[in-house]
Every structure is written in C-alpha cells, then in structure tokens.
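Please examine the sequence and the three-dimensional structure shown below. The paragraphs after it proceed from the whole chain to individual residues.

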Amino acid sequence: MNQVYLSDIPRLFTAIAEWGACLIFLRKRPLRCSGLRLWGMLGLGLAVQCLFLCLTDGLHIALWLPCMMGAVGLMFALIAACCSVPLTTVGYFTACAFLTAEFAASLEWQLWSYTQHTLNLPQDTWSTTALSLVFLAAVYALVFAAMRRLTSRREDPPAAFAFRMEELWPPVVISIACFLMSNLSFVSSNTPFSSSVLESIYNIRTLMDLAGVAMLYAYHVQRCELYMQRELDAIQNILQNQYIQYKQSRESIDVVNRKYHDLKHQIAVLRAEQDPQRRLDFLDGMEEEIRTYEAQNKTGNSVLDTLLTGKSLYCARHGVELTCVADGAQLDFMDVMDICSIFGNILDNAIEYALTLPDKRKRLIHLAVYAKKDFLVRLCSATSFRACSPDNRDSGFPATRLGADTVPLW
C-alpha cells in the first residue's frame, strides 16, 4: 500500500486550531474587556498556546496525555480571562472548543497530506510550505465559519448556559471519550479498537472527532430546546395565573358589593337602635370582625399577603373560613413565582377539600408558616369538626393535613 499520509500534525497547527476554536465560543458572550486590551489578551493566549505545544513536542508517549491536559487548561484560562461567565460555563465552552479544534486540525492535515501525495508535491521546500499555510488558513476558515454559523443561527436562552456541576459531566465525558478513541491508534495498535494502517488511523481520528462535534451540537440543541420549553411553560403559567386572578377579582368585587350592601343595613340598624349598650356591643363586633380579617392578611410578605387576600375573598364567597398564622419575613429568600406556586397550590387543594363538606360550619382552613431551627415549615390543614354539645364534647374529627413541608433557610 502506498504511503499517502505524512507524519503527525505539527504542534503549531494544533495550537492555532485550539486558539481559533476558543474565539468561536467567545462570540455573543459578556466579555471582561474590549478593544486593544481584549486583542492583547487574545494575542498573548495565542503565543502561550503555540509556545507550550511546540516546547512539549517530541516528549515521551507517557507525557503526551499530561501535555494535552495542559493545552486544555490554557484554553480554559483564555476563555475565563476574556469571558465574564461562571466557571462551569467556561468548562462547557472549553470542552466544545477542544473537540472542535481537534476536528479542524485532523481534517486539515488529512486533506493536506492527501493533496500533497496526489499532486506529488515536494517536501521541505519554500513553495510547499507557503502552500500548506494557505491550505491551513482555508480549511480552518471553512471549519470555524461552519461552526460559527451553527452556533449563531439560533437565539439561545441565557439560562441554557447556566451549568451546574452535575450538568457539566455529559459534554466533558463526550469530549474525553471521542478524543481518546480518535487517538488510540497513535498510542497502541494492539487493541481491538485501533489500527496499524496509517490511512485508517487518520480516518478514525477525523471521523471520531466529527462524531464528537456532532454529539456536542445535538446536546446543545436539546438543552436549548428544553430551556425554551420551560420558558414557554412559565409564560403560559403566568398567563393562566393572570386569568385566575381576573376571575377572582370579579368574585371579590361581588363580595365587596355584598358587604357594602350589608353595611348600609347595619348603619340603618345602628341609627334606629336606642339602647347605647347594644349599639356599642354591635360596633365592637363589627370592629373585631374587621380586625380579624386585617390581621390574617398582614404576614410581613407582600406576595403572600396578596395571595391570601384573593383566597380569603374566595373563601368568604363560598362559605369557607380561612385563618393564617404566618411569619412572612421568613419567605424573603424565595422567588415570587415559587411563593405563588407553592402557597397557591396548597391553598387550592385545601379549598377544594373544604368545599366537599356539605356543612359550612365544618369548612375550616388554617395556614401556618414558621421557622424551626434552620428550616422553614409551611403547613396547611383543612379541619372538620362536628358541633360540640355538652353531651358530646369529643365528637370532633382530627385535622386533615393537606400540605406540610420544610425547606432550609438560606
């Protein structure tokens, strides 16, 4: 078989590919600097990358993997120094950039080796070297332009790049696995997954790197689609909550109108009442009722107060008694949507259960929110009791707990 391919990729070409791949993932990201300072950092990064890979060329095979880890570390440092994103996001960009650089360098060197062999170009001449540099620039430009096109054709949600540590493992494992499998034949040809034929070795490396880039892109697309769907679900939830609040507002207006109508009659009764003591008792009862209603909707958290006001008016309209003892200040660490979702759901469940009771005297709901040690306890219970009489004092049903939970206080 003819010897088609040349020796392995020059380390300088690999360094340029790694640097160029980093530039792709710096686009559309918040940068720490701009202008001359940014270009100065990029130029320094290119110089350090080239110097490191050239100085580590020709070392023993046992040092090859540590040297590649050092090159990846330099890519990580360059992205972290230029891009103002969390380190987990920098790790994701580094994994994608490293595999992209491996594919670009492998593809360029394989195509150049085949072209040089086909055209029977002489080696180690000035004209051949100049042509190889032009060929290098053309292939790298095409590969990086294609990657830039793929990464910029869609508006990705910013939340898709907010990686937690456990979410970083899939792209890292894909990058490491593809890199090791693509270079396995260079380390040892005596394995079931390697080859001793030079043409096959180059094919395996290029195709494995291409497969890795494709898998990372598919992972990126699926992750962005997932977060876009979450945003759509959140918007739909907000719209649904707004519609529910609209319906509750209409019901609240009916309750207020009814209370206003009752108040006019109560004022008329007060005007007609001649006994001062009975008039005073009647006014004290009205004041106590107002004070009780105000107290149960002043928890110290405005979001919870608003939610309780709507639920209280709904309960008043449907004959359900809702009481609340809540330390709303303990909810300040929670997001507004979380408060609405958590307390809205448990109150809706309690109201739904209470409305199944035919006797309105048994429709009692109690909500409690308090801190216990380092945990926040939220408890919602719907309690139904039979009316007690002197002959039947223990005829009550135990409380039915519909929602209880504890979360750490941060």
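The following explanation treats the overall chain, then its cysteines, and finally one serine.

The model is predicted. Its protein chain has 410 residues, of which 38% are buried. The secondary structure of the chain consists of 11 helices and 4 strands. Among contacts in the chain with a separation of 6 or more, 72% are between residues 24 or more positions apart. The surface that the protein chain exposes amounts to about 24100 Å², and 62% of this area is supplied by carbon and sulfur atoms.

Attention may now turn to the cysteines. The number of disulfides in the structure is 0. Cys-50 illustrates this point: its nearest cysteine sulfur belongs to Cys-54 and lies 6.2 Å away. A disulfide requires two cysteine sulfur atoms within 2.5 Å, and therefore a pair at 6.2 Å does not qualify. Cys-50 has a relative accessible area of 14%, and it is therefore classed as buried, the cut-off being under 20%. Cys-67 is likewise buried, with a relative accessible area of 10%.

The last residue to consider is Ser-182, which belongs to helix H6, a helix covering residues 169-182. Is Ser-182 buried or exposed? Its relative accessibility is 1%, so Ser-182 counts as buried. Leaving aside residues up to four places away in sequence, Ser-182 touches Ile-204, Arg-205, Met-208 and Asp-209. In addition, the side chain of Ser-182 is joined to the side chain of Asn-183 by a polar contact of 3.0 Å.

How values were computed. Residues numbered from 1 in each chain as written. Predicted model: local features only at pLDDT ≥ 70, side-chain atom pairs only at ≥ 80, totals over all residues. Heavy atoms only, no water. Buried < 20%, exposed > 50% of the residue type's maximum accessible area, 1.4 Å probe, protein only. Helix = DSSP H or I, 4+ residues; strand = E, 2+ residues; numbered from the N terminus. Contact = heavy atoms within 4.5 Å. Areas by Shrake-Rupley, 256 points an atom, 1.4 Å probe, with all protein chains shown as cover. Polar contact = N/O pair within 3.5 Å; in protein donor to acceptor, adjacent residues only side chain to side chain.
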